[in-house]
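Please open the model in a viewer and keep the selection tool at hand. The stops below name what to select and then describe what is found there.

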Amino acid sequence: MSADPGTAAGPAAGSSLADAAAPSSGPVLDIRDLSVVYRTPAGDVRAVDQVNLALGAGEVVGLAGESGSGKSTLAYGACRLLRAPALVTNGSVIYRGRRVSRPADILKMRPDELRRLRWREIAIVFQSAMNALNPVLSVRDQMLDAIHAHLKMPRDEAHSRAASLLDLVGIPRSRLRSYPHELSGGMRQRVMIAMALAAEPEIIIMDEPTTALDVVVQRDILAQIVELKDRLGFSILFITHDLSLLLELADRIAVMYAGRFVEIATSDEIHREAAHPYTKGLLNSFPSLRGPRRELAGIPGSPPDLRSPPPGCPFVPRCGYARPECQDLDMRLLPVATSIDPDHVTACPFVLPETPPVASGSPAGEPGTP
Amino acid sequence: MSFIIRRLVFYVVAAWVALTINFFIPRLVPGNAVESIMAKFPNLQPAAYRALEALLGVGNPGSIWHQYWAYLADVSHLDFGTSVSEYPAQVSTLLGEALPWTIILVGTATVIAFLVGTALGIAAGWRHGGGLDRVLPGLMFLQAIPYFFFALILLELFAVKVHVFPIAQGYSQGLIPGWHWDFISSAIYHSLLPALTIVLTSIAGWMLQMRNVMITTIGEDYVVAAQAKGLSNRRVVFTYAARNAILPQLQGFGLAIGFVVSGALVMEIVFSYPGIGLLLINAVTSNDYPLTQAIFLVVTFAVLLANLIVDIVIVFVDPRARAREATR
Amino acid sequence: MTIAPAIGTELTAVTQEAPQPGWWRRLPAKAKVGVVLFCLFVLTAIIGPLVTPYDPSYQNPSPGASMNAPSAAHLLGTTQSGQDVLSQLLVGIRLTLELGLIVGVVATALAVIVGVTGAFLGGFWDELLSLVTNVFLVIPALPLLIVVLGYFPNKGEAPTIAVLALLLWPWGARVMRAQTLAIRNRDFVAASRETGERTWRIIAFEIVPNEVSLIAASFVNTVLYAIGASVALAFIGVADLNSWSLGTMLYWAQSQQALQLGAWWWFVPPGLAVALIGTALVLLNTGIDELGNPRLRDASSASRIAGRWLRPADPTPVLSEISQRRHGFAGFLHSFSRSSLLDQAEAGERR
């Protein structure tokens, strides 16, 4: 579906999401058929292939997958933040934020429209705060940058806003004067989050925000994120390789492999009965605190070379259920009939939650009837 | 502050090493240098010969330590002895006459070249692949040309063939140096071509270096983050990218000062510019050891001082530098 | 529920990397030019002195032979004393290159030894070695060279090479030390230590091979500077003025007023030769830089997408918007280009 490229509403001072007009129908971010390639001298790498994803208002959607699966490329590509040699070859990304008068396709926006969209509507918390913060500017200056770029307010008001943002994430106000290298890892990440909230965005994309932190700090920050989301009402696209985190945090989870989605469902459903072999493999890679003890197994092998993607399903070399038909698969996402979640989809038509694994050595197993 | 003090100590150590090398080299090289000088310049006073002997450690001037301390004492009083080729002029006098010319010419030209080159480098790094990049191979060629050769060419083209610039000297013949406009304007006119040479040959280096640093810096996460924040291009280029890229560039400047000064000295010779360079070549060809040694020391001290200034600037620009040294 | 690892035997190995093009193809165009240019000079250095038309030192006493412009007999003219410039040039290129390369080898070897060892040993030795390195970095080399060489009665090639090598190693040492510090704490080094491998073996076989591109870049830089310095020294007169290097040619040209007398054929060829050798080396260095620093390489090849140059600030390009931009005559022309074929292939592949 095409939408005419509307213009985002100008930044009204202090307009918060709560005051905005009634939400327009449809998801806040609607990604349709998105494909992103990296054009290298050795060939085109299909990092993201015909991907569909919808993010609703106030929803937390988790994007799970190994490194190199394309999750970051998907998120940054949707915002057009990828650098050369990235190229968006297909698709549309429709944004329907509550402040925006008409739905707009991000892929068709002009640079000035994009700049208005950035941070004010879609903000990003980067993976490594040490690298994402300018080393020569103080925290205050960087926050003021974000504020002044989108909100018109006098200087002292901006300053007090910066201070109150730090309050939100639990950092003492005196830290406004500090430089990034003077802060601890957890503090830096909180500063990143505070900065992301500076213009009251509709969507926050969080790219592995806690991967570099130790577990205790991780816990704190995640709790903080959830609390802020409930209070301020933004949506989150949470990117991580840690599926266990998403099971607790996300409303819905989209599992990605080799640039494509292989399963999308609510987190409850994924936890209860995942449908795709890859998801099952991921779930088996970490122990759960409760429940019976079982043998941990990883997923042997490594992701395919995206320069020359294999025909059919890319997971075949590592899949315990692989059979000859998998090579002809077109990777469409099919509904899982036995699921509680009506929107539960999977890319594997042969495997159902109850399908037992193939005994090692035999080339094909009995298919579960869809 | 402690960072600056550490650097100061380092430079003092470096200066001491330079002095010590200066002191020991003539004593380590075989052959009797004094005799060859005496043969070249037979009309020096006996005191001058003795001074030379003391300088070079020939004869029986006393224990090494005694000589060393005497040497250091002399240097601290800026007493570099008497020149052999320009006898009986004092070396310090000769230096004093030539130094301002060199400092003004080389200093100004280098600063201009650095600033313009860095600005061009920022543009070239930001607009990677654009027009400026096409000029790169030409610039590399320019950078590889020895300063003095380029000076020869420019001189040939713009002074000999087409009389735009004067051929030589620091000022027109017949003018008396002094603080009056005739002299100053003539001096400026004569310094244009040498300055142009310095700028043209060194600008390529600064630009290339800054371009490469910019490209690396632009790939850093915080620049992407700045763009994600929707900041204006200007802010991203200058406050996020260039402000960080300038740090390695400044450090490179400190390291390169020695090169630039050396190259400029040789280039002065081509123009017969009355600076240290000309003094140096005369001293070398006539084996005027007191003069060559003094020039070496003065140039070294100047470079060390410039490096110290660069370090101070870096401390002001980079908040991490103060912290880094404090935690060591 | 466990998943047993199963590999379908009928599938080809999809996890193998596509073969990387050889290092020659991966070099950017600039570097290739540099390599070719440099090889040309090396070739000249090797066979040049064997094919000189005249003896470079032979002075032709007849006044008519002095300062002749290039002619059939003397392709690059003659000097003030009737010597053939071309012959001098051919010999000069060899001498100059020889000197530069020897200094490069010695200084780089010293740099690697000092830099890597200091970083690897750490502690007091590291402090001491880096102090020495830094002191010699900051003292300007050319004036020091002039002073030191000035004391030698014959300023021949040997003392020049020795002094140059002794003054140039700090540059490489600094770089090597920084890189070694970064590598030192990596796992594979720790593993070697655990297995009791001796220090020098670890240095030689584990650490150094990882720094090859840095060593190469340092070598090229040293040669560059050595050539430049030796030419400058000779120009001032601090060299063996009876030998024919490019620098001494310039010295004689300058002292015989070649410029004022308009004898451009005397000073332009040697200077040009130095400049071209220098350019070749700088281009080489750029190539090594780009091979070693992926960002520079990616940046140079990747800023051009579908025929358009992109700045880092530009948002990720969208294919449809790019192809739409070409209408009319421009579009017609574009349809012949390779990138447009790629675009069409793209469009055809959309399911």
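Begin in chain B by selecting helix 5 and helix 11: helix 5 passes helix 11 of chain B in a right-handed crossing. Helix 5 of chain B covers residues 91–126 and helix 11 of chain B covers residues 233–271; their axes come within 9 Å and cross at roughly 145°. This is a predicted model, and the values that follow are to be read accordingly.

To display the contact itself, show T102(B), V106(B), T110(B), F114(B), T118(B), I122(B) and W126(B) on the side of helix 5 of chain B. From helix 11 of chain B, add V237(B), A242(B), Q249(B), F253(B), V260(B), V261(B), A264(B) and E268(B), which these residues meet. Coloured by class, the contact of helix 5 with helix 11 of chain B shows ten nonpolar, four polar and one charged residues.

Next, bring chain C into view beside chain B. How many residues of chain C are in contact with chain B? There are 44 residues on the chain C side, in contact with 57 residues of chain B. To locate the chain C side, select helix 4 (123–138), helix 5 (141–150), helix 9 (212–236), helix 11 (264–292) and helix 12 (294–302) of chain C, each of which supplies at least two residues. Helix 11 of chain C gives the largest share of that side, nine residues. Colouring the side of chain C that touches chain B by class gives 32 nonpolar, eight polar and four charged residues.

Now hide chain B and view chain C alone. Chain C contains 15 helices and two strands. Of its 351 residues, 43% are buried. Among the contacts in chain C with a separation of 6 or more, 71% are between residues 24 or more positions apart.

One such long-range pair is reached by selecting L89(C), in helix 3 (residues 85–121) of chain C. L89(C) and P269(C) are 180 residues apart in sequence, yet their C-alpha atoms are 7.4 Å apart in space. Leaving aside residues up to four places away in sequence, L89(C) touches L76(C), P269(C), P270(C) and A273(C). Is L89(C) buried or exposed? L89(C) has 22 other C-beta atoms within 10 Å, so this residue counts as buried; the threshold for that class is 20 or more.

Move on to chain A. Its secondary structure comes to ten helices and twelve strands, and buried residues make up 50% of its 370 residues. Of the contacts in chain A between residues at least 6 apart in sequence, 68% join residues at least 24 apart.

Within chain A, select the open sheet of four strands, whose order is 2-1-4-5 and whose pairing is antiparallel. Its edge strands are strand 2 (43–55) and strand 5 (104–105) of chain A, each pairing on one side only. Strand 1 (residues 29–40) of chain A is joined to strand 2 of chain A by nine bridges. To find one bridge by residue, select V37(A), whose partner in strand 2 of chain A is R46(A). Then add helix 1 (residues 71–79) of chain A, which packs on the sheet and touches strand 1, strand 2 and strand 4 (86–95) of chain A. The direction of helix 1 makes about 105° with that of strand 1 of chain A.

Two residues of chain A merit inspection of their backbone angles. Most residues other than glycine have a negative phi. Q50(A), in strand 2 of chain A, has a positive phi near 50°. Q50(A) is buried because 20 other C-beta atoms lie within 10 Å. E208(A) also has a positive phi, near 45°, and is found in the loop between strand 7 (203–207) and helix 7 (215–232) of chain A. With 19 C-beta neighbours inside 10 Å, E208(A) counts as partly exposed.

Finally, colour chain A by pLDDT. The mean for chain A is 82, and 86% of its residues reach 70 or more. Which stretches of chain A stay under 50? One is residues 18–23 of chain A, for which the model has seven contacts beyond four places in sequence. Another is residues 359–370 of chain A, for which the model has 13 such contacts. Where pLDDT is low, the predicted coordinates should not be read in detail.

Key:
Residues numbered from 1 in each chain as written. Chains lettered and ligands numbered in written order. Predicted model: local features only at pLDDT ≥ 70, side-chain atom pairs only at ≥ 80, totals over all residues. Axes fitted to C-alpha atoms, helices over the stretch in contact; angles between N-to-C directions. Left-handed = near helix turned anticlockwise from the far one by under 90°. Contact = placed C-beta atoms within 7 Å. Nonpolar A, V, L, I, M, F, W, Y, C, P; charged D, E, K, R; others polar. pLDDT = per-residue confidence, 0-100. Pairing = 2+ DSSP bridges. Buried ≥ 20, exposed ≤ 12 C-beta atoms within 10 Å, placed from the backbone.
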